[in-house]
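Reader: Could you zoom in on one part of this model for me? I'd like the contacts and the cut-offs behind them.

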Amino acid sequence: TKTAYFNKVSENTKVGFSVDEAAFIDRFRLAVMQFKKELRTICPNSKIILNSTRGVYSYLKDGEVKFFDSDLVSMINKRWAILDKIFIDIFSPIVINAYQESETIGNIDHPWGVGYVHYHEKFYHDFIAKLNAITSK
């Protein structure tokens with residue numbers, strides 16, 4: 001129940017890649033399996049589509065290429081790949097990968113500000129085109 005869940009959360013146990021990677025991965029795997037079970041009940045005929053992307057290393061500012069912390073982006077991308085693999089292994093989803101490491105860049109004008117997961121508009125156009133191709137079949 002929700003009450004039991006919030007009681008567990010209030011115990012203040014921290015779990016995360018930075019705290020205990022193995023425990024975090026185990027909890028993530030269990031949560032994805034539970035999510036799949038619930039989804040099968042609620043939406044048994046749904047297509048599962050994964051937007052598999054990564055953090056970008058650069059962005060344009062005033063026509064000049066600027067770079068995010070490459071060690072941080074590499075670490076995040078490594079962790080993201082682990083989570084994607086778990087999700088793919090459990091769900092066998094249709095995977096959309098509009099991210100191209102050599103082409104996808106950050107967008108300084110993104111509504112939420114510049115960030116390694118706030119992409120230039122081309123990424124979103126490519127993603128929507130791929131999503132439309134899948135969902136129109």
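Author: Here's a walk around R54, then the aromatic pairs. This is a predicted model, so to speak of local features pLDDT has to be at least 70, side-chain atom pairs count only at pLDDT 80 or more, and totals for chains, interfaces and linings use all residues. Residues are numbered from 1 along each chain as its sequence is written, and side-chain values use heavy atoms, with hydrogens and water left out.

R54 sits in the loop between β1 (49-51) and β2 (58-61); strands here are DSSP runs of E, at least two residues, numbered from the N terminus. R54 counts as buried because its relative accessibility is 17%, and buried means under 20% relative accessible area, exposed over 50%, partly exposed in between (1.4 Å probe, protein chains only). Its side chain makes a polar contact of 2.8 Å with the side chain of D84 (N or O atoms within 3.5 Å, one able to donate a hydrogen and the other to accept it; residues adjacent in sequence count only if both atoms are side-chain atoms). Leaving aside residues up to four places away in sequence, R54 touches N77, W80, A81, D84, Y99, Y116 and Y119, where contact means heavy atoms within 4.5 Å.

Now the rings: the structure holds 8 aromatic pairs (Phe, Tyr or Trp six-membered ring centres within 6.5 Å; planes under 30 degrees apart are stacked, over 60 edge-to-face, the rest tilted). Y119 and Y124 make a tilted one, 6.0 Å centre to centre with 55° between the planes. Y119 is buried at 4%, while Y124 is partly exposed at 32%. Y124 also pairs edge-to-face with F123, at 5.3 Å and 85°, and F123 is buried at 5%.

Key: Helices (H or I, at least four residues) and strands (E, at least two) are DSSP runs, numbered from the N terminus.
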